[in-house]
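Morning, everyone. I have one structure to walk through today, and I will keep it brisk.

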Amino acid sequence: EAGPRVLVRAEGSALQSSLLFHSPQAEDDPRGVSAKSLRNGLEHLWETKAIAHEGGLLGLGYGRAPVERSQVRQDTLQYDSVFTFFVLSEHGVVGGVALLLLALVPLVLVLGGAAPRFDLGHAVGALAASSLSLEGLVHAAMNLGVLPFTGRNFPLLSVNSPSDLVRWGVLLALAAQAVVWRSTGVDRFDALGISVVTPMEP
């Protein structure tokens, strides 16, 4: 639920004090959010920061982070908290930075190929590629407490979400098609005998 997460992000410790006077089940918070939901949000936020800190610079190693001990539902962690629970905890800051840089690769390739002439096809490709990079950055920011949790997953890393794979596959294929069509006039990028990211000679 986005409501409790936004309140947890906005009010922090002040919210913890007010919860002492609220029933854990009733919808008695003056903002229309149950105390139980707020407690769950605080727990999720605390665990996210704690496990990221535990990973340190190089992480605890693949499969060694105590993810299964979390009080938060595992399916929620696998969607909302991939960056901290499964990347920073296991691979550390180095792994987290490497993943964010990897999400920038499609955008760098599109912009690099557009160096001689930036046209409509490159604009479409850059838009699709930048959406991948930005969604990854937003997910990381939510996990680190910079932004409130809003149920955004890291692109291509969400478990049990075939729609995520299809969406990004279609967008990236569209980006490649648009760049090649505008640059070469060829109808399909797989019909080229050259690299789709190598700038054409003027």
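I will go from the overall fold to one helix, then to the charged pairs, and finish at the surface.

First, a caution: this is a predicted model. Please keep that in mind throughout.

Let's start with the fold. What does the secondary structure consist of? The protein chain has 7 helices and 0 strands. Reading along the sequence gives α-α-α-α-α-α-α. Of the 202 residues, 38% count as buried. Now the contacts. Take those between residues at least 6 apart in sequence: 58% of them join residues at least 24 apart. As for the outside, the chain exposes about 11500 Å². Carbon and sulfur atoms supply 65% of that area.

Now to helix α6. This helix covers residues 120-143. Does its length agree or disagree with expectation? It has 24 residues, and at 1.5 Å a residue they should span 34 Å. The end C-alpha atoms are 35 Å apart, which agrees.

Look at the two ends. At the start of α6, Asp119 brings a side-chain oxygen to within 3.2 Å of the backbone nitrogen of Gly121. After α6 comes Gly145. The phi of Gly145 is positive, near 85 degrees.

Stay in α6 and find His139. Is His139 buried or exposed? His139 counts as buried, because its relative accessibility is 0%. So what does the side chain of His139 reach? One partner is the backbone nitrogen of Phe83, at 3.2 Å. On the Arg152 side, the backbone oxygen of Arg152 lies 2.7 Å from a polar atom of the His139 side chain. Both of those partners are backbone atoms.

Who else is around His139? Set aside the neighbours within four places in sequence. His139 is then in contact with Tyr79, Asp80, Ser81, Val82 and Phe83, and also with Arg152, Asn153 and Phe154.

On to charge. Side chains of opposite charge can pair when their charged atoms come close. How many salt bridges are there? The count comes to 4.

Take Arg167 as the way in. Arg167 meets Glu135 in a salt bridge, at 3.4 Å from N to O. Arg167 lies in helix α7, residues 162-184, and Glu135 lies in α6, so this pair ties together parts that are 32 residues apart in sequence. How exposed are the two? Arg167 is partly exposed, with a relative accessible area of 35%. Glu135, at 9% relative accessibility, counts as buried.

Arg167 has another salt bridge, with Asp164. Here the closest N and O atoms are 3.5 Å apart. Why can these two meet within a helix? An α-helix has 3.6 residues a turn, so residues three or four places apart point the same way. Arg167 and Asp164 are 3 residues apart in α7, so about one helical turn separates them. Asp164 counts as buried, at 4% relative accessibility.

Put these residues together. Glu135, Arg152, Asp164 and Arg167 are linked in a network of salt bridges. Notice Arg152 again: its backbone oxygen is the one that lies 2.7 Å from the His139 side chain.

There is also a salt bridge between Arg73 and Asp75. Their closest N and O atoms are 2.5 Å apart. Arg73 counts as exposed, at 58% relative accessibility. Asp75 counts as partly exposed, at 42%.

Now the surface. Which residues make the nonpolar patch? Leu57, Leu58, Val93, Val94, Val97, Leu101, Leu104 and Val108 make it, and it is about 740 Å². Pick out Leu58. Leu58 sits in the loop between α3 (35-55) and α4 (74-80). At 62% relative accessibility, Leu58 counts as exposed.

Gly56 is found in the loop between α3 and α4 as well. Gly56 counts as partly exposed, at 30% relative accessibility. Which residues does Gly56 touch beyond its neighbours within four places in sequence? The answer is Gly92 and Val93. Val93 is one of the patch residues. The C-alpha atoms of Gly56 and His91 are separated by 8.5 Å, and these residues are 35 apart along the chain.

To recap, then. The predicted model has 7 helices and 0 strands. His139 is buried, at 0% relative accessibility. A salt-bridge network links Glu135, Arg152, Asp164 and Arg167. And there is a nonpolar surface patch of about 740 Å².

Key
Residues are numbered from 1 along each chain as its sequence is written. This is a predicted model: local features need pLDDT of at least 70, side-chain atom pairs count only at pLDDT 80 or more; totals for chains, interfaces and linings use all residues. Side-chain values use heavy atoms; hydrogens and water are left out. Helices (H or I, at least four residues) and strands (E, at least two) are DSSP runs, numbered from the N terminus. Buried means under 20% relative accessible area, exposed over 50%, partly exposed in between (1.4 Å probe, protein chains only). Contact means heavy atoms within 4.5 Å. Accessible areas come from the Shrake-Rupley method with a 1.4 Å probe; for residues, only the protein chains shown count as cover. Patches are made of residues with over 30% relative accessible area and no salt bridge: like charges are joined within 9 Å, nonpolar side chains (Val, Leu, Ile, Met, Phe, Trp, Tyr) within 5 Å. A salt bridge is a side-chain nitrogen of Lys or Arg within 4 Å of a carboxyl oxygen of Asp or Glu. The expected span of a helix is 1.5 Å times one less than its number of residues. A polar contact is a pair of N or O atoms within 3.5 Å; within protein, one must be able to donate a hydrogen and the other to accept it, and residues adjacent in sequence count only if both atoms are side-chain atoms.
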